[in-house]
Amino acid sequence: MSESNQRTSKQEPIEISGNSAIIGDNMESIITSSMSRSNLDLPLNFMREYLKNDTKPIDFYRTANQSIASLIPEGRLDNRSELKWASKPERWTYQMLVETPVITRIVDLIIQEFRSSWEKLLSRNNLHKQHEIHWCIVIDNSGSMSIHRHAIYESIVVLLELLRRLESKFAVARFGGRTNQKILKNLDDLFTIQDGQYILEALTFDEGTYPATGLARVADRIFPEGKNKSSADVHVHQFMIMITDGLTNEREDATYLGTTKKHNIDLGILFIETDKEATSQVLLDCLNQVQNVVIKSNKMTELPHILPSLLYKMIEKCLNETDSNREQMNLLSTIHIEIPSYDGSTALPSRSAGENLKYSCANPCSYVINHSKFIIPESTQIYVELKTYLTRNIDYTDYSSHAIDKLRQYYESLKISPSILDAEKTWLNDENRFSALIDDVSTVFGEVIFRFNRFTRRREALRGSSLYMPGVIKALTTDWNHKKIFGAKLAGGKRDHTVCLIVDVSTSMFGTLSLGTLDAIVVLIAALIKIGIDKFSIVVFGRNVRLIKTNEQGWNAMTIYTLMQELCFDRDDETRDADALEVGVDLLQQCSTRGGKKIFILTDGYSSCRNKLIMVQERAVQNGIDIIAMAIGIDNTNLEKFYKRYFQCATVYALPKALRALFEHETEVNSIGWLTDKAQEQNMANRTVLEGLFDNIKSDKVFSSIIEELTGERRMKLIHDISSSTDITLDICFCIDCTGSMSPWLSVMQRQMQQIISGIKDTIRKKHGSLKFQLRLAIVGFRDVQDHWDDEQFCVYEFTNQVDQVDQINPVDQFMKKLTAAGGDDLEGVGVVIFFQLRVAATATCTPHPSFTKKDEMFIENIDYYF
């Protein structure tokens with residue numbers, strides 16, 4: 001039996017290698033459930049069009065045997081191998097997707113809604129417990145998902161960017177056939193643009209659907225049994241989100257429940273389906289304890305509201321289950337400070353995707369500041385822990401015992417190099433670009449924040465410890481009407497202040513906040529130096545705390561180079577802001593100064609430390625240190641939750657006004673016009689650009705070599721059809737034994753053939769009515785080698801005789817009546833050889849369809865009472 005696609009001369013069959021899993025693992029249930037033992041090799045373009053228009057797949061799955069258990073193959077899945085691209089593109093397609101206004105807007109909305117819900121959950125649950133969430137995204141790679149390709153791409157991009165911005169650890173995996181699950185991103189690896197590109201390219205949508213098996217295999221790799229890393233002060237939650245359409249035969253609730261219990265994970269499902277069919281119900285009818293949401297592939301504008309709902313339901317469930325005991329935080333550990341280890345030969349890292357972007361605002365000088373407050377938010381709720389924290393008898397950080405000496409040794413070993421000089425040149429160019437703004441900020445610093453507080457020259461005064469001779473002479477000449485005869489140091493003003501700049505480089509800053517931070521750090525440092533404050537320290541933090549500069553180091557090319565190496569916002573997936581503030585407090589505590597001690601922390605306020613952040617600020621207050629949190633950018637922040645004094649500027653050009661307003665105790669919050677009112681940014685329905693980029697993902701494979709490794713030995717035929725024809729021609733060749741021993745069976749055989757032919761046509765018309773189907777028949781009658789029929793070894797009824805008579809079987813009946821049984825006295829073993837010879841001869845004898853090529857297969861049905 002052979003199947004071929006009618007196509008024009010421009011259509012060429014393309015053979016693609018794949019995994020050893022059979023392509024029809026589960027697609028057979030949709031396309032060929034009514035034709036058992038058939039092996040239709042359907043082109044994917046027809047398959048997608050068929051699934052879009054046909055309403056039968058759900059019925060097929062519901063009526064099919066649903067007792068298929070998940071058979072887990074032996075051995076664990078391998079970790080993903082290292083990514084290698086054939087030719088690195090100038091602009092990654094994943095990068096362009098992330099930068100599109102549609103995706104950007106969706107991610108911002110989801111983050112805003114999710115973080116709001118997260119804060120509410122934590123506020124009414126265990127405030128003393130730190131919660132950490134590890135995610136795993138598992139994606140259905142079956143053929144039925146191919147019609148949702150664009151919706152799947154969009155969902156994955158949004159979900160990946162969401163988890164990256166939330167600084168959560170996450171893994172990504174793909175499942176299809178029983179033995180074809182693949183890890184696309186490991187849990188502990190940092191997520192980069194290359195990872196996102198690879199994940200999208202690795203989705204081929206040409207496999208079967210075994211979600212229960214895939215879930216078990218992936219969970220065993222990502223969340224091994226007994227490896228949950230919860231501690232006394234951190235509770236780790238493990239979540240898996242499955243993206244599927246729900247069409248599968250693995251629908252036993254016990255198989256899913258067994259996996260989730262074994263690995264201590266919570267499962268959530270994002271169903272993607274068409275507007276016409278509720279395919280999710282196929283799986284939901286059997287699953288009772290799984291959180292899920294459903295989105296229609298033609299209504300992706302609802303994704304910002306549907307996806308947070310799934311995350312919220314999953315997190316709410318796990319927090320309620322783990323909050324039975326209120327545990328104390330571990331406050332007695334000493335923070336380890338990391339020191340840079342660059343040798344000067346490493347070039348500056350290139351700006352990542354988001355840092356190359358520009359953003360516009362209706363009012364670049366708009367800003368917002370907080371009202372005057374006398375207490376730090378939520379500090380009264382942790383009074384007991386705060387008392388323990390403030391009275392501890394061990395060091396808060398290893399600043400004095402480790403960091404100072406190590407940083408001194410680092411700068412002593414660092415020598416001037418071309419990379420260091422390039423860094424200094426780049427920094428100076430940025431200073432020149434912001435020269436006018438630096439003047440404005442330095443004016444605010446000098447007049448409002450860092451006033452003169454140290455004088456070196458004497459001036460006349462009413463009081464003092466010594467006489468001022470010019471004043472005494474003037475008093476004598478004016479008959480003592482001039483009273484200022486003493487001398488006091490009131491001239492030659494200097495500023496004796498100490499500052500610590502702390503910079504958040506965690507991935508949650510990625511976007512406009514990272515752009516604003518890069519500009520702000522240049523302006524702030526230049527303004528401090530301009531007013532004569534060279535006693536400043538610099539600390540960078542993300543997953544850990546890195547000390548860049550203390551008051552001991554000068555501001556020169558080497559410190560510029562070291563700082564610029566650290567200003568990357570795609571390396572740290574955690575925000576240890578409380579630890580960074582601890583280091584800042586220790587740095588300022590060691591400084592002897594007459595003036596104020598201030599910490600400027602550039603962050604978004606989304607903390608991994610939560611309650612400890614509140615306690616560190618109380619410690620700073622007791623040591624006379626002023627903490628000012630700031631954010632430069634239009635992304636949402638969480639500063640008001642944890643900081644007593646903060647402000648946010650739309651761009652760096654709002655810094656002078658915001659600083660003056662904050663330190664002159666303005667209580668009015670300025671209105672903010674963050675974004676420009678552009679129609680294309682507000683119109684979420686415009687997806688033309690997205691679809692074009694999605695097509696690039698499908699056609700242009702950057703990781704072509706590693707993608708080929710994913711598919712292994714599986715083989716399928718894709719028919720490139722310019723006309724997009726969906727006609728299917730099914731060729732069946734019956735090979736009939738006409739030796740004498742078949743004489744009693746020829747009449748029965750004729751009736752049986754009529755039933756087979758009619759049954760095939762009726763079944764296809766009933767269950768696949770939308771299919772343009774053509775059935776062609778051929779018959780080869782054969783005898784033993786020594787027998788002849790009309791001087792020919794074979795009697796052949798050609799396929800070509802039947803092309804224009806698809807619905808007629810009368811010519812076949814007429815041919816069958818001519819057949820007679822005779823001969824055949826050879827040994828039975830000879831018949832086996834004859835049959836295999838016949839198979840080759842029949843292929844050459846029967847004229848195939850004109851479009852039939854050597855890559856097509858021809859199936860022959862042998863009718864013989866012996867075989």
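This report walks through a sheet, a helix beside it and one polar contact in a predicted model.

**The sheet**

Start with the strand order. Eight strands form an open sheet, ordered 9-16-15-14-17-18-19-10, and their pairing is mixed. Strand 9 (337–338) and strand 10 (367–369) stand at the edges. Each has a single partner strand, so one side of each is left without a neighbour in the sheet.

The table lists some of the strand pairs.

| Strand pair | Sense | Bridges |
|---|---|---|
| Strand 9 and strand 16 | parallel | two |
| Strand 15 and strand 16 | antiparallel | four |
| Strand 18 and strand 19 | parallel | four |
| Strand 10 and strand 19 | antiparallel | three |

**Around strand 16**

Strand 16 covers residues 545–549. Is this strand buried or exposed? Five of its five residues are buried, so strand 16 is largely enclosed by the rest of the structure. The cut-off for "buried" is under 20% relative accessible area.

R546 is a good residue to find on screen. In strand 16, R546 is the bridge partner of E338. V540 also stands opposite R546. Strand 15 takes in residues 536–541. A hairpin of three residues links strand 15 to strand 16.

A helix also meets this part of the sheet. Helix 13 (residues 399–413) lies across strand 9 and strand 16. Its angle to strand 16 is about 50 degrees.

**Around strand 19**

Now move to the other named edge, strand 10. Strand 19 spans residues 646–649 and pairs with strand 10. Here Y367 stands opposite C649 of strand 19. Strand 18 (residues 625–632) pairs with strand 19 as well. In that pairing, A629 stands opposite Y646.

Which residues of strand 19 are buried on each side? Y646 and Q648 are buried on one side, and F647 and C649 are buried on the other. Both faces of strand 19 are therefore covered. A general rule helps in reading this: in a regular strand the side chains alternate between the two faces of the sheet.

**Helix 14**

Helix 14 runs over residues 418–433 and has 16 residues. From its first C-alpha to its last it reaches 23 Å. That is close to the 22 Å expected at 1.5 Å a residue.

Which residues of helix 14 are buried? They are S419, I420, A423, W427, D430 and E431. Seen down the axis of helix 14, these buried residues fall within an arc of 120 degrees, so they line one face of the helix. The spacing follows a general pattern. An α-helix has 3.6 residues a turn, so residues three or four places apart point the same way.

The other side of helix 14 looks outward in part: P418, K425 and N432 are exposed there. What covers the buried residues? The cover includes helix 15 (435–449), helix 17 (512–530) and helix 18 (557–566).

**One polar contact**

Last comes D108, which lies in helix 5 (residues 101–124). The side chains of D108 and R165 are joined by a polar contact of 3.4 Å. Leaving aside neighbours within four places in sequence, D108 is in contact with R165, D635 and N636.

Notes:
Residues are numbered from 1 along each chain as its sequence is written. This is a predicted model: local features need pLDDT of at least 70, side-chain atom pairs count only at pLDDT 80 or more; totals for chains, interfaces and linings use all residues. Side-chain values use heavy atoms; hydrogens and water are left out. Two strands pair if DSSP finds at least two bridges between them. Contact means heavy atoms within 4.5 Å. Axes are lines fitted to C-alpha atoms, for helices over the stretch in contact, and angles run from 0 to 180 degrees between N-to-C directions. The expected span of a helix is 1.5 Å times one less than its number of residues. Buried means under 20% relative accessible area, exposed over 50%, partly exposed in between (1.4 Å probe, protein chains only). The arc is that of the directions from the helix axis to the C-beta atoms. A polar contact is a pair of N or O atoms within 3.5 Å; within protein, one must be able to donate a hydrogen and the other to accept it, and residues adjacent in sequence count only if both atoms are side-chain atoms.
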